Amino acid sequence: MVDGFEQQNGRDHEMRVERAAIEGVLLFVPAPHRDDRGLFTRTFDAAVAAEHGLDASLFIQDSQSRSRQGTVRGMHGRSGRGEAKLVRCARGAVHDVLVDARPHSPTFGRRMSVVLDDTDFLTLYVPPGLLHGFQALTGQTDVCYRIDREHDPAEDLSVRYDDPELKIDWPLPVSAISERDLAAGSWAQLRERLRTTG
C-alpha cells in the first residue's frame, strides 16, 4: 500500500488499484516482471480501469514532458468540465502534487502528494477539477500524460507553486519554473472565483 492510498481489489495480479484520500483519485500499481535482462511492466489496462469507473476510450490525447532536476511544473487545472488525466513517470522520478479544486467536493482544498518513478511505474488518475503539479527529482525526468480533452488555453487555471496558504512542501530547491507559473495567482483568488462561478 502506498502512503495515503487504500488498496482495492484488482482484476488480476498484473495491476492493482488504490484509492486516495481525495475523492476520485486512483493509483494504478503494476507488478513489473524483473529478470537479468531488465524488466517488463504493464502501464495501463483498460479492463482494470473500467472496473474502477474509467472509460479508456475517453482518453484522446497523449503528451510527454521532459524536465531537469528541481524543475517545478504547476499548479495547473482546467475550468469548464475540467480535465481527467492519467499521469506516470517514464524516466526518473517526480514528486507529484494534487489539490482538490472542486467547490462541491467533500475534499475541497485538500492536497496530497505521491512519488511517481521509473522503478515502480505507478500511474496516477487525476479526476476533473483538481490542480496538478510536480517537481522533477532526477537529472532527466520524463512524465507522460493521457488526457480526456483537447487543450484549450482559454480554460487554463493556475495557482502559484509556493502559495502560502497551500504550503506545498517541494522536496528540492526550485531550480526552474516557467514565467507563466511564476505569474499564477493565489489559491485564495482561485477559490473565490470557483465558488462564485461553480
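Is W187 buried or exposed, and at what relative accessibility? Keep that in mind while going through the points below; the model is a predicted one.

1. **W187.** This tryptophan counts as buried, because its relative accessibility is 3% and the cut-off for buried is under 20%. W187 also belongs to a core of 16 residues, which includes L131, Y161 and L166 as well. That core is the second one and is separate from the largest.

2. **Its aromatic partner.** The count of aromatic pairs comes to one. The pair is F108 with W187, and the geometry is tilted: the centres are 5.6 Å apart and the planes make 40°. What I like here is the sequence span. F108 is in the loop between β9 and β10, W187 is in helix α3, and 79 residues separate them, so to speak, along the chain, with the pair linking distant parts of it. F108 counts as buried too, because its relative accessibility is 18% against a cut-off of under 20%.

3. **The loop next door.** T107 is in the loop between β9 and β10 as well. With a relative accessible area of 7%, T107 is buried. Leaving aside residues up to four places away in sequence, T107 touches A21, I22, E23, D100 and R102. F59 is another matter: T107 and F59 are 48 residues apart in sequence, and their C-alpha atoms are 25 Å apart in space.

4. **The open sheet.** Which strands make up the open sheet, and in what order? Reading across, the five go β10-β9-β12-β7-β14, with antiparallel pairing. β10 and β14 (156–158) are at the edges with a single partner strand each, which means that one side of each has no neighbour in the sheet. From one strand to the next, the twist averages 25°. Helix α3 (residues 187–197) packs on this sheet and touches β9, β12 and β14. The direction of helix α3 makes about 135° with that of β14.

5. **How the strands are joined.** β9 and β10 run antiparallel and are joined by seven bridges; here V94 stands opposite L116 in β10. For β7 and β12, also antiparallel, there are three bridges, and R73 has F134 in β12 as its bridge partner. On to β7 and β14: three bridges again, antiparallel, with H76 opposite S158 in β14.

6. **Strand β7.** How many residues of β7 are buried? Six of the seven in this strand (residues 72–78) are, so to put it in plain words, β7 is mostly covered.

7. **The largest core.** The largest nonpolar core has 20 residues. Those with the most contacts inside it are V25, L27, L98, L116 and L124. At least two core residues come from each of β3 (26–30), β8 (85–91), β9 (93–100), β10 (111–117), β11 (123–126), β12 (130–136) and β13 (140–147). L116 is worth a click: it is on the list of residues with the most contacts in this core, and it is also the residue in β10 that V94 stands opposite.

8. **One charge over a ring.** Finally, have a look at R146 and F44. The charged end of R146 sits over the ring of F44, at 5.0 Å from the ring centre.

Terms used
Residues numbered from 1 in each chain as written. Predicted model: local features only at pLDDT ≥ 70, side-chain atom pairs only at ≥ 80, totals over all residues. Heavy atoms only, no water. Core = buried A, V, L, I, M, F, W, Y, C linked by side-chain atoms within 4.5 Å. Buried < 20%, exposed > 50% of the residue type's maximum accessible area, 1.4 Å probe, protein only. Helix = DSSP H or I, 4+ residues; strand = E, 2+ residues; numbered from the N terminus. Pairing = 2+ DSSP bridges. Axes fitted to C-alpha atoms, helices over the stretch in contact; angles between N-to-C directions. Contact = heavy atoms within 4.5 Å. Phe/Tyr/Trp six-rings, centres within 6.5 Å; stacked < 30°, edge-to-face > 60°. Lys NZ or Arg CZ within 6 Å of the ring centre and 35° of its normal.
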